[in-house]
Amino acid sequence: VLPPLYAHRLGRAYGPDSSRAALAGALRGPLGGLETDCCLTADGELVLLHDPLLDLCTTLSGWSHERRAAEITAGCLRHRGGTPSEERPLLLDELLELAPRDLVVQLEVKAHGDPALARRTARAVCERLRDHPARDRIELVSFWTEACHLAAQLGFAAGSS
Amino acid sequence: MIAGHQIPALAAWGRRIGLPGVCVEHFLLTPPVVAALRAAGLSVTTGTVDHAALLASLLPLALDAITTDSPHELRAEHERGAADAIAA
């Protein structure tokens with residue numbers, strides 16, 4: 001039996017990582033869930049980027065937690081090969097609006113070399129989703145044990161990766 | 001902990017703090033690893049799997065979910081392989 005298939009980075013075969021185009025491609029057929037990464041911004045928003053270092057996946061530079069969400073979403077995502085696309089980074093709130101209500105959303109908390117930032121990011125995710133209708137279908141994942149521990153304490157479905 | 005193959009320690013930690021599951025790189029998954037994690041009450045998912053042959057090798061583990069860059073192509077490739085196996 002085929003287990004549920006989750007679209008990695010919202011479906012990176014169909015567009016830049018965690019972009020609207022990737023998501024649109026993933027939603028063109030049967031799907032078990034969506035997987036993406038989230039980074040904290042300087043003003044407490046959650047932006048869906050695989051790399052907290054903006055140079056790696058966007059046309060911007062610097063760290064996501066040192067930039068405001070409006071600055072980050074004004075930049076463009078890069079294609080897999082590094083060329084700029086016309087796709088803007090998505091915020092977590094936008095994804096939750098766009099994602100069908102029956103799909104699991106697996107969110108990986110990212111924070112490069114900074115466990116305290118990982119914990120702050122996990123807390124921000126949990127607080128954002130605490131009263132959200134999507135709460136029960138969100139899986140929070142992280143390489144950071146601190147992030148997993150906090151999410152579990154706060155009653156979220158969390159997993160170590 | 002997985003990288004150091006300390007599966008019992010990972011399973012015990014997960015159970016202690018109330019984790020529902022773990023996501024483990026596919027090349028580290030074996031039946032004993034999955035059994036140990038499941039015995040601790042953890043769900044087990046993996047990624048990133050983009051080839052039908054790799055997917056087929058993981059199916060006996062009965063994982064809870066698999067992450068892939070191209071879900072539709074992977075599913076189609078898997079179904080073609082299954083149909084070919086039946087026809088052969």
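In this predicted model, chain B carries 5 positive and 8 negative charges, and the mean positions of the two sets lie 15 Å apart. The surface that chain B exposes comes to about 4300 Å², with 62% of it supplied by carbon and sulfur atoms.

**Fold of chain B**

Chain B holds four helices and three strands, arranged along the sequence as α-β-α-β-α-β-α. Its C-alpha atoms occupy a box of roughly 45 × 25 × 20 Å along the principal axes. Of the 88 residues in chain B, 44% are buried. Among the contacts in chain B with a separation of 6 or more, 28% join residues 24 or more positions apart.

**Helix 1**

Helix 1 of chain B spans residues 7-17, and its buried residues include I7(B), L10(B), A11(B), W13(B), G14(B) and I17(B). These residues lie on the same side of helix 1 because they cover an arc of only 165° around the axis. The face turned away from that buried side carries P8(B), R15(B) and R16(B), which are exposed. Just after helix 1 comes G18(B), with a positive phi of about 85°.

**Contact with chain A**

The size of an interface is often given as the accessible area lost when the parts come together. Between chain B and chain A the buried area is about 2300 Å², and carbon and sulfur atoms give 63% of it. D69(B), H72(B) and R75(B) supply 27% of the area that chain B buries against chain A, more than any other three residues. In terms of contacts, 26 residues of chain B meet 32 residues of chain A.

The table sets the two areas side by side.

| Surface | Area | Share from carbon and sulfur |
|---|---|---|
| Exposed by chain B | about 4300 Å² | 62% |
| Buried between chain B and chain A | about 2300 Å² | 63% |

**D69(B)**

One of the three residues named above, D69(B), sits in the loop between strand 3 (65-68) and helix 4 (71-87) of chain B. Its relative accessible area is 5%, so D69(B) counts as buried, the cut-off being under 20%.

Leaving aside neighbours within four places in sequence, D69(B) is in contact with H8(A), G11(A), R12(A), A13(A), Y14(A) and R80(A) from chain A, and with T48(B) and D50(B) from chain B. G47(B) is 22 residues from D69(B) in sequence, and their C-alpha atoms are 9.1 Å apart in space.

How values were computed: Residues are numbered from 1 along each chain as its sequence is written. Chains are lettered from A and ligands numbered from 1 in the order in which they are written. This is a predicted model: local features need pLDDT of at least 70, side-chain atom pairs count only at pLDDT 80 or more; totals for chains, interfaces and linings use all residues. Side-chain values use heavy atoms; hydrogens and water are left out. Helices (H or I, at least four residues) and strands (E, at least two) are DSSP runs, numbered from the N terminus. Buried means under 20% relative accessible area, exposed over 50%, partly exposed in between (1.4 Å probe, protein chains only). Contact means heavy atoms within 4.5 Å. Accessible areas come from the Shrake-Rupley method with a 1.4 Å probe; for residues, only the protein chains shown count as cover. Lys and Arg count as positive and Asp and Glu as negative; His and the chain ends are not counted. The place of a charge is taken as NZ of Lys, CZ of Arg, CG of Asp or CD of Glu. The arc is that of the directions from the helix axis to the C-beta atoms. Buried area is the accessible area (1.4 Å probe) that two parts lose on being put together, summed over both.
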